[in-house]
Amino acid sequence: MTDWKDALAPSPECIDLARLGEKLDAAERAHVDTCARCQAELAMFREISREETSAGEAREVEWVASELRRRNNVVAFRPKAWRVLYAAAAVLVMVIGIGYWMQMREPAIDATIDGPSVYRSARLDVIAPVGDLVQAPNELRWTAVPDASRYRVQIAEVDGTLLWSAGTTQANVALPPAVIAQFAPGKSLLWEVKAFRGEEMLASSETQTVRVSVAPPRKDR
């Protein structure tokens, strides 16, 4: 499990502090929605920038001011500075909460060949084929998923057109000759596998792009 401090570490996509008050584009907003660090900094910026002081804050500021005057003989007290400290303390609690939430949130959502997103509650990794191939594969192989009772594999064109699908109870499936023939040299195809327990989907692999390399022309001796 990732430590919440790691979840709050800055990344290259994090928004610069100088731009917190500016309008963000779609990609930047998408990053902020999933980044605990950016959410915390944005919340602190909004809290400190807020002009009005609530009635509850005013009472707390006045009490602290009176205590400081009584104990330390402080003549002047700056509520605005106290609001910054008050906001910082509140945001610190929120930062820890966000970090904890990012560890405990629901499993990540992945997109699949046939469109709908699915929750991944288990890991499913493909073994072969992957990437560039010397020749067309005759089977698909992947890691077994605990408690899975069956698997569903799909092969598709790069535009998403489904070429073949099959079900199996094993962590591999043999390809029929007609499907093997689809792996023409230089042609890219996609494939993925999903694990099920009954009708419940347990996991989905990442979609793999595979291509049989084009053989170099033979040189006449």
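Which side chain meets K187 in a salt bridge? The partner is E157, at 3.4 Å from N to O. The structure is a predicted model. Across the protein, the pLDDT averages 75. Salt bridges number 7 in this structure, and three of them are described here, along with a charge over a ring and two low-scoring stretches.

**Confidence**

- Of the residues, 57% reach a pLDDT of at least 70.
- Residues 74–79 stay under 50 in pLDDT. The model gives this stretch 9 contacts beyond four places in sequence.
- Residues 116–120 also have a pLDDT under 50 throughout. Here the model has 20 contacts beyond four places in sequence.

**The K187 and E157 pair**

- Side chains of opposite charge can pair when their charged atoms come close.
- K187 and E157 form such a salt bridge, with 3.4 Å between N and O.
- K187 sits in the loop between helix 6 (177–180) and strand 9, while E157 belongs to strand 6, so the bridge ties together parts 30 residues apart in sequence.
- K187 has a relative accessible area of 25%, so it counts as partly exposed.
- E157 is partly exposed too, because its relative accessible area is 21% and the buried class ends at 20%.

**Around R150**

- R150 and E199 meet through their side chains in a salt bridge, 3.8 Å from N to O.
- R150 is in strand 6 (residues 150–157) and E199 is in the loop between strand 9 (188–197) and strand 10 (200–204), so this pair links parts that are 49 residues apart in sequence.
- R150 is partly exposed, at 27% relative accessibility.
- E199 is exposed, because its relative accessibility is 73% and the exposed class covers values over 50%.
- R150 has a second partner: its charged end sits over the ring of F196, 4.3 Å from the ring centre.

**The R197 network**

- R197 and E200 join their side chains in a salt bridge, at 2.8 Å from N to O.
- Shared partners connect D147, R197 and E200 into one network of salt bridges.
- R197 has a relative accessible area of 39%, which makes it partly exposed.
- E200 is partly exposed as well, with 39% relative accessibility.

**Aromatic rings**

- A pair of aromatic rings is described by the distance of the centres and the angle of the planes.
- The count for this structure is 1 aromatic pair.

How values were computed. Residues are numbered from 1 along each chain as its sequence is written. This is a predicted model: local features need pLDDT of at least 70, side-chain atom pairs count only at pLDDT 80 or more; totals for chains, interfaces and linings use all residues. Side-chain values use heavy atoms; hydrogens and water are left out. Rings of Phe, Tyr and Trp (its six-membered ring) pair if their centres lie within 6.5 Å; planes under 30 degrees apart count as stacked, over 60 as edge-to-face and the rest as tilted. A charge sits over a ring if NZ of Lys or CZ of Arg is within 6 Å of the ring centre and within 35 degrees of the ring normal. pLDDT is the predictor's confidence in each residue, from 0 to 100. Contact means heavy atoms within 4.5 Å. A salt bridge is a side-chain nitrogen of Lys or Arg within 4 Å of a carboxyl oxygen of Asp or Glu. Helices (H or I, at least four residues) and strands (E, at least two) are DSSP runs, numbered from the N terminus. Buried means under 20% relative accessible area, exposed over 50%, partly exposed in between (1.4 Å probe, protein chains only).
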